Amino acid sequence: MDIESGMQQLAYARRTPFREVFKSYVGKEVPATLSDEAIALVLVASTQQDTENDKIMGVLSSVLTYEGAPEHFKILQKMETTRGQFFTRFVLFTKTIIDGLLVGFGTDEMYYVVATWDGRGCDLWQPKHDLHDRPVLA
């Protein structure tokens, strides 16, 4: 990728709400997954990130209570496959208080987009299986 196309991609990432980018995944069985390059772009486009579950829960509770996101987050934390916990950690990326993205880092080394929101609503995803087709048990 040349510098000019990289700058255009970064500009697009900064001005486009996370929810708009992932809207096409609504209603799908499996959430979107991000490549290393995509997660790096999300990181650069974000103004803030939280990696502590208590802080993530606090943001979800204050912003998305009406959407049921805090309960959804608790379910994601408990998800397991035959190899143990499905997610090793979560990262909450935000551009603004009403433009956010929650990513779960799977034990299969995939970055799962598990929630996005904007001022008009929230979209939530829950994986049914991991990259290796191991089903979710809990």
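Strand E2 (residues 48–50) pairs with strand E5 (residues 87–96) in the antiparallel sense through three bridges, where two strands are taken to pair if DSSP finds at least two bridges between them. Helices (H or I, at least four residues) and strands (E, at least two) are DSSP runs and are numbered from the N terminus. Within this pairing, glutamine 48 is positioned opposite threonine 94 of E5. The model is a predicted one, in which local features require a pLDDT of at least 70 and side-chain atom pairs count only at pLDDT 80 or more, whereas totals for chains, interfaces and linings use all residues. Residues are numbered from 1 along each chain as its sequence is written, and side-chain values use heavy atoms, with hydrogens and water left out.

Strand E5 is mostly covered, seven of its 10 residues being buried. Here buried denotes under 20% relative accessible area, exposed denotes over 50%, and partly exposed lies in between (1.4 Å probe, protein chains only). E5 also pairs with strand E6 (residues 99–106), in the antiparallel sense and over eight bridges. Two residues separate E5 from E6 in the hairpin that they form. Threonine 94, which faces glutamine 48 of E2, stands opposite glycine 100 in E6. Phenylalanine 87 has glycine 106 as its bridge partner in E6.

Eight of the eight residues of E6 are buried, so this strand is largely enclosed by the rest of the structure. In a regular strand, the side chains alternate between the two faces of the sheet. In E6, Asp99, Leu101, Val103 and Phe105 point one way, Gly100, Leu102, Gly104 and Gly106 point the other way, and all are buried. E6 further pairs with strand E7 (residues 111–118) in the antiparallel sense, over six bridges. Leucine 101 of E6 finds its bridge partner in threonine 116 of E7. These two strands form a hairpin with four residues between them.

Glutamate 109 lies in the loop between E6 and E7. Its phi is positive, at about 65°, although the residue is not a glycine. With a relative accessibility of 70%, glutamate 109 counts as exposed. Aspartate 133, located in the segment after E8, likewise has a positive phi of about 65° without being a glycine. At 55% relative accessibility, aspartate 133 also counts as exposed.

Arginine 134 is found in the segment after E8. This arginine is buried, with a relative accessible area of 17%. Leaving aside residues up to four places away in sequence, arginine 134 touches Thr81, Thr82, Arg83, Lys128 and His129; contact means heavy atoms within 4.5 Å. Strand E8 itself (residues 121–124) contains leucine 124. Leucine 124 is partly exposed, at a relative accessible area of 31%. The C-alpha atoms of leucine 124 and glycine 27 are 9.3 Å apart in space, while 97 residues separate the pair in sequence.

At the level of the whole chain, the protein comprises five helices and eight strands. From the N terminus on, the order of elements is α-α-β-α-β-α-α-β-β-β-β-β-β. The radius of gyration is 15 Å, close to the 14 Å that the globule rule gives for 138 residues, so the chain is as compact as a globular protein of that length. The radius is taken over C-alpha atoms, and the globule rule is 2.2 Å times the number of residues to the power 0.38. Along the principal axes, the C-alpha atoms fill a box of roughly 45 × 35 × 30 Å.

Buried residues account for 44% of the 138 residues in the protein chain. Among contacts with a separation of 6 or more, 56% involve residues 24 or more positions apart. The accessible surface comes to about 7,700 Å², of which carbon and sulfur atoms contribute 53%; the areas come from the Shrake-Rupley method with a 1.4 Å probe, and for residues only the protein chains shown count as cover. The protein chain carries 14 positive and 19 negative side chains, and the centres of the two sets lie 3 Å apart. Lys and Arg count as positive and Asp and Glu as negative, while His and the chain ends are not counted. The place of a charge is taken as NZ of Lys, CZ of Arg, CG of Asp or CD of Glu.
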